[in-house]
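Trainee: I should like to learn how to read the architecture of this protein chain. Could we take the features one at a time?

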Amino acid sequence: MDYQSGQHGGAVEPADTAAPPQRLSRSPEEAALAAQRRFRQALIEAGLLIPTGVDGLYGRSADFEAIADGLNAAIGALGADQQAEVMRFPPAMARQDFEASEYLKSFPQLAGTVHSFCGSDRDHHRLLARLDAGEEWADQQRPTRVVLTPAACYPIYPVMAARGPLPPQGRVVDVLSYCFRHEPSVDPARMQLFRMREYVRLGTAEQVAAFRAQWIERGSALAQQLALPWQLDLANDPFFGRGGKIVADGQREQKLKFELLIPIHDDAPPTACMSFNYHKDHFAEVWPLRTADGARAHTGCVGFGIDRLILALLRHHGFALARWPSPVRELLGLRHV
Ligand code: ATP
Ligand code: ZN
């Protein structure tokens, strides 16, 4: 099966052309879900994604990972002039730092906490008995000091604050992590565990503004080099609850978040594959992040959704990597794949 695209942004023939004709009265939401299911099924049948039975949790094939490696190398080359400090964390962070970050204020619905069995022999017997009986057992688990990382940049702020004031030129950090968000979906582009590569800027408001403007340019140039159709848009995060709408409106009004969107499904809105974020001095309110002259540091980050970019490439250039446009293969080091 070949999910080949003709033109940028052009219509892609669904893989299951033999499927029965769709009801004409389908709502846009139903049409989007059907397109997402179709693409996911095609990816699974091609072996690019390996299903686990849980929406949003997949294994990846060698081809998929070769593209991931290529993207990471290309992004690294784009940021080679940033004098960024490379930091790699496992996909988890200290619960204490997570609590301090106020993530739970904004996105309780997305958070993933790690729980473990901490009981006695008797508790263990009870646990096994419940398992045997097919009863709920997870309420026996106790929270550990570890939570799953919700965004690649989160673990670095307390580390940076502990080092004392920033140098006058501020800092740039290069992070890459699997991130967890509890948002199960049939959309293969909305995973529960996915990779985010980020450059994070810490410094003055001016330094962060210049950094974000520069990375909006660079991110757009990368999408262009990857021969993907794209558009930039103002965006907001999915803040929880009734108060969340007000916070999201404020985020838009202050232009704190931009996204680079790429169409991945025929009948659905385009998907955010990169984001360009300005946090103002939020993280300096939580941790003692200070500039060289003692003021609260501002921060911002550019995030590349590695798995979403891979899906966009597969969607537009097809599942046969050998037939991708040569410049794209060249850029991603896929010459021999
Ligand atoms: P969305 O609006 O689609 O939920 P987001 O704006 O919350 O995404 P960010 O928090 O800005 O995403 O994360 C940075 C990047 O990580 C996004 O641009 C996207 O490419 C990627 N990303 C975010 N959520 C997911 C997910 N559930 N599955 C795969 N990639 C994701
Ligand atoms: Zn970030």
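Trainee: Which order do the strands of the three-stranded open sheet have?

Mentor: Strands of a sheet pair through backbone hydrogen bonds, either parallel or antiparallel. In this predicted model, where local features need pLDDT of at least 70, side-chain atom pairs count only at pLDDT 80 or more, and totals for chains, interfaces and linings use all residues, the order is β4-β6-β5, with antiparallel pairing. Pairing requires that DSSP finds at least two bridges between two strands; strands (E, at least two residues) and helices (H or I, at least four) are DSSP runs numbered from the N terminus. Residues are numbered from 1 along each chain as its sequence is written, while chains are lettered from A and ligands numbered from 1 in the order in which they are written.

Trainee: Which are the edge strands of this sheet?

Mentor: They are β4 (92-94) and β5 (113-116), each pairing on one side only. Neighbouring strands here are turned by 50° against each other on average, direction ignored. Three bridges join β5 to the antiparallel strand β6 (residues 142-148), and T113 has V147 as its bridge partner in β6.

Trainee: How is the sheet of seven strands ordered?

Mentor: This open sheet runs β3-β7-β8-β12-β11-β10-β9, with mixed pairing. β3 (85-87) and β9 (231-234) stand at the edges with a single partner strand each, so one side of each lacks a neighbour in the sheet. The average turn between neighbouring strands of this sheet is 20°, direction ignored. Four bridges join β9 to β10 (residues 257-262), and the two run antiparallel; D233 has E259 as its bridge partner in β10.

Trainee: Which strands does helix α7 touch?

Mentor: Contact means that C-beta atoms, placed from the backbone, lie within 7 Å. Helix α7 (residues 205-225) packs on the sheet and touches β8 (193-203), β9, β10, β11 (271-280) and β12 (298-305). Its direction makes about 10° with that of β12; axes are lines fitted to C-alpha atoms, for helices over the stretch in contact, and angles run from 0 to 180 degrees between N-to-C directions.

Trainee: At what angle do helices α2 and α10 cross?

Mentor: The axes of α2 (residues 62-78) and α10 (residues 306-317) come within 10 Å and cross at roughly 115°. That makes α2 roughly perpendicular to α10, a class covering 65 to 115 degrees, with under 35 roughly parallel, over 145 roughly antiparallel and the rest oblique. F64, I67, A68, L71 and N72 in α2 meet I306, L309, I310 and L313 in α10.

Terms used: Two residues are in contact if their C-beta atoms, placed from the backbone, lie within 7 Å.
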